[in-house]
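Welcome! Take a look at the sequence and the structure below, then try the short exercises that follow.

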Protein chains: 2
Amino acid sequence: MLAAVLAQAGAAPPKIAITETAAFDAASVPAFTGDYADVYAHLQKQRAADLAQLQRWVRQPSISAQDKGIDAMAELLRGDLQKLGFRDTALVPTSGHPGVYGYYDAGAEHTLVVYMMYDVQPIEPTGWKVDAFDGALVDDPKLGKVLMARGATNQKGPQRAFLNALDAVIQVRGKPPVNLIVLAEGEEELGSPHYPEVVAKYEAQLRKADGVFFPMNTQDRDGEASMFLGVKGILYLELEAKGNAKTGGPQKSEVHGSLAAKLDSPSWRLVQALATLTTPDGEIAVPGYRDAIRAPNVEEQRLFNGLVAKRAGDTQKQLDAFAAARWKNGRNDRDASAAELFDTTLNIDGLVAGYTGEGVKTILPHRAVAKVDSRLVPDQTPDEAVALIRKQLDAKGFDDIEIRKLSGYPPAQTSVEAPLTRAAIGTYRKHGFTPPVAPRIGGSAPYYVFTQTLGLPMIAGGLGHGSGAHAPNEYMVIEPLKGSKIAGLVQTEQFYVDLLYSLADALKQPKQ
Amino acid sequence: MLAAVLAQAGAAPPKIAITETAAFDAASVPAFTGDYADVYAHLQKQRAADLAQLQRWVRQPSISAQDKGIDAMAELLRGDLQKLGFRDTALVPTSGHPGVYGYYDAGAEHTLVVYMMYDVQPIEPTGWKVDAFDGALVDDPKLGKVLMARGATNQKGPQRAFLNALDAVIQVRGKPPVNLIVLAEGEEELGSPHYPEVVAKYEAQLRKADGVFFPMNTQDRDGEASMFLGVKGILYLELEAKGNAKTGGPQKSEVHGSLAAKLDSPSWRLVQALATLTTPDGEIAVPGYRDAIRAPNVEEQRLFNGLVAKRAGDTQKQLDAFAAARWKNGRNDRDASAAELFDTTLNIDGLVAGYTGEGVKTILPHRAVAKVDSRLVPDQTPDEAVALIRKQLDAKGFDDIEIRKLSGYPPAQTSVEAPLTRAAIGTYRKHGFTPPVAPRIGGSAPYYVFTQTLGLPMIAGGLGHGSGAHAPNEYMVIEPLKGSKIAGLVQTEQFYVDLLYSLADALKQPKQ
């Protein structure tokens, strides 16, 4: 129980006990030694055609939140899998947007699942230098030639680069070294509400698989690559106060602001209810909220120590990335990193009530809503977390506050000792990188369907650099400046070739 | 000091001591006896032309918030005053929209100021049955023929009806019984930020005037007329929390929601800061906030008793108007009415931070804003009120919360014993009404520029019924159903004729 090691006196940030002193170092893993010069050469030759494939993907809109181009993109992906030689392909109907399934029978003993997402974020109304769906190539003076488009890095660029690599393997070597199941969803940007339906449909096939991979650009602007072995879970809630029979307030529509003298205010009620969930300094104040959290295990502590050593001296660079003056409530670097990896959160994503425009309008709104998310670490569960929030609100007299659960799934994690993980690290080592390896990231993804539901190891990674995933001018570097450590499209694809063979080797080893 | 009589133990609503037992009754004021049958007849004859004048006014858009048609409406009003025989007319430039000035020299000893507003609210995007600027006449099965248009009742309808009445007086009797100054603004719906500039420009002339009048429809759907003698002041603030050097948080833009583990949240900070301003039940908790409030004086208590007597048995009807199940924190009818008249408020008009749309988006917003208004009663002042809020936030450690004052002015009041008030009551009495007379309303208007800056008595009123001032399908009744107590346009204008003569008589009496 992490609670035992969290000192929560007043507004003091929680302390997470790290008792191990050893640090994991990716340099301890030998470099992968496979030689695929013939496939490398093919990719070099195919450069223009492969870039055209990335452009073709980003030119097809697929905005899940607005159901824009979703069906066309799903069919485009399915068709591409078919062309690549996937024997069985299918659109997978769900209660939401369809999934896409593809099975490549390489006649191999083992099977690798490739998780994909084919949807993208909505287009920001301002700030784009190019049309977000033009597939434009732009010269960035600091980075080189980049593909600037919605989905360029999140996630069409790396995913199609992986398929380009697979295509090269098939063209040159006849078939991949492992059977492949591609299982894609079109609702990642919506919190993957229906991905479990897609997984359930193919559960029998998936249970025969040996591991899961997700292609992604992991290099930063300086070309440093990194790895992570897990994700946090998430609980996403709307808390709503509205006029009601018990606590009063207008029930049908806003009323004149002067009526605050004699009518209850749902907005004040929401503010006061929310205020019971944190300390004045914004630390979680829900009783028992951290009780389920297990303390970092030895492996996690070793990974943490390795990360902290890599990050040493980077404080300003890290804070600058968020334009922040300090870490939360004065945490030091080490505590901030520990919180990001091992602590849960309670975050306000949005607040809305009444008049939100410019200037003066005097109303007493009949409803007020907060959007709140909580990142879940082992062994928190979404249902227990929401129950504790409900209990606190009830205990403080706010049983009239409605809680709506919009999304919720548990965390996911793979061991650094898993053969799949070591294979991935070895591939980075072959390409000259010794990545920091995080036990997990602060963000969330529905990987639990693989690690927890199916019990499979899962790894995400790749070379390549992109940014702007949920912002204007999203890009992925195609041709970096000379001297840059960033991999261009060709090297990114070559890395995926190595990784595919390296992972295939790993799948032959006993699972850990 | 009202503080002495406010019991604020926990969430108990404040008690306002009413020690007087006598009640004011408008029936104690004799009916006005003037006879203007010749002017009445003229108005009857002019019916169609006068209605066309109202339509002409509402067909000219004048949305102050969007600067739509403002200059044209200002010029239309100025031109109309000129045509009516106002000797001096002018557009009055301000830092915002222009004011309009007109002086009618009747060669009289006394002068009445007529306050007007020529601006209207923006058009609601949905819900209008007719074009808001068509000046449509609509048959309402429960009310009769109504003019349905933006500004029909707020405030073009009653104002032009008053000018129609004035025109009739001039046509039939040669001149009005009193000199008139019309002083209009085009920013009432914005909180009258520049009206003091308009007043300052004509201060010399205004100081020679004897009283102020504002034409308005005061009849409800049942035809009951009412009067009020004052308005509350207002303080309108924006409270903003944002990332900053002292308390941390992202300073430039939203960041990923998972960063709540290590970055401070301006949204939680705003929530916690706001929570220090009220009790958990939403009662004001700012120390000293009510200290400046003077207890209701004898006149106010007598008026209050009269009002309560008139409202007896109306609880459900009153609550139904707001779709509310009870009064604030269980106040009884009497305490609710007392609070509306004599207590200050602290109301959340709006809350906004981060993502406010449908569904899931996980961000940690870099800023959060609350729009808050406070209604001010004697002897509160906007500056003292904002200083107390600032002091409370500072005392609780929230000195990083920025307070922006968007609007602020003091309350205004005229005595029920003022000759102007008695003249207005007498006019209602002549028309068969015995109105409840409120010492003030819960709402705010910048009447202080007259009552406080210039020391003039001010009265607002008229017959007529309209509704939807800040809502779709705003209307004013033109021709009521048979048997209705609501005054149609002609009777509304005839009332203004009586009122003009009655007020003129009153201005000859010594001021109280």
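**Exercise 1: An annotated span**

Find how far apart the end C-alpha atoms of residues 254-397 of chain A lie, and how much of the span is helix and strand.

*Solution.* In this predicted model, the two end C-alpha atoms of residues 254-397 of chain A are 24 Å apart. Helix makes up 38% of the span and strand 15%. Next, turn to the record: an unreviewed UniProt entry annotates residues 254-397 of chain A as "domain: Peptidase M20 dimerisation".

**Exercise 2: Two copies**

Work out how chain A can be laid on chain B.

*Solution.* Start with the superposition: a turn of 179 degrees and a shift of 0.1 Å along the axis lay chain A on chain B with an RMSD of 0.1 Å. The two copies are therefore related as by a two-fold rotation axis. Now look along chain A for the C-alpha nearest this axis: it belongs to A:V352, 2.4 Å away. Finally, compare the contact residues: 100% of those in chain A recur in chain B, so the same surface serves both copies.

**Exercise 3: A sheet in chain B**

In what order do the 4 strands of the open sheet in chain B stand, and which of them are at the edges?

*Solution.* The order is 4-5-20-19, with antiparallel pairing. Strand 4 (136-140) and strand 19 (466-467) of chain B each have a single partner strand, so one side of each is left without a neighbour in the sheet. Further in, 5 bridges join strand 5 (residues 144-148) to strand 20 (residues 475-480) of chain B; B:V146, for instance, has B:V477 in strand 20 as its bridge partner. To finish, add helix 2 (residues 47-59) of chain B, which lies across strand 4, strand 5 and strand 20 and runs at about 170 degrees to strand 20.

Methods. Residues numbered from 1 in each chain as written. Chains lettered and ligands numbered in written order. Predicted model: local features only at pLDDT ≥ 70, side-chain atom pairs only at ≥ 80, totals over all residues. Heavy atoms only, no water. Least-squares fit on C-alpha atoms with pLDDT ≥ 70 in both. Contact = heavy atoms within 4.5 Å. UniProt positions renumbered as here; feature names shortened; annotations may be inferred. Pairing = 2+ DSSP bridges. Axes fitted to C-alpha atoms, helices over the stretch in contact; angles between N-to-C directions.
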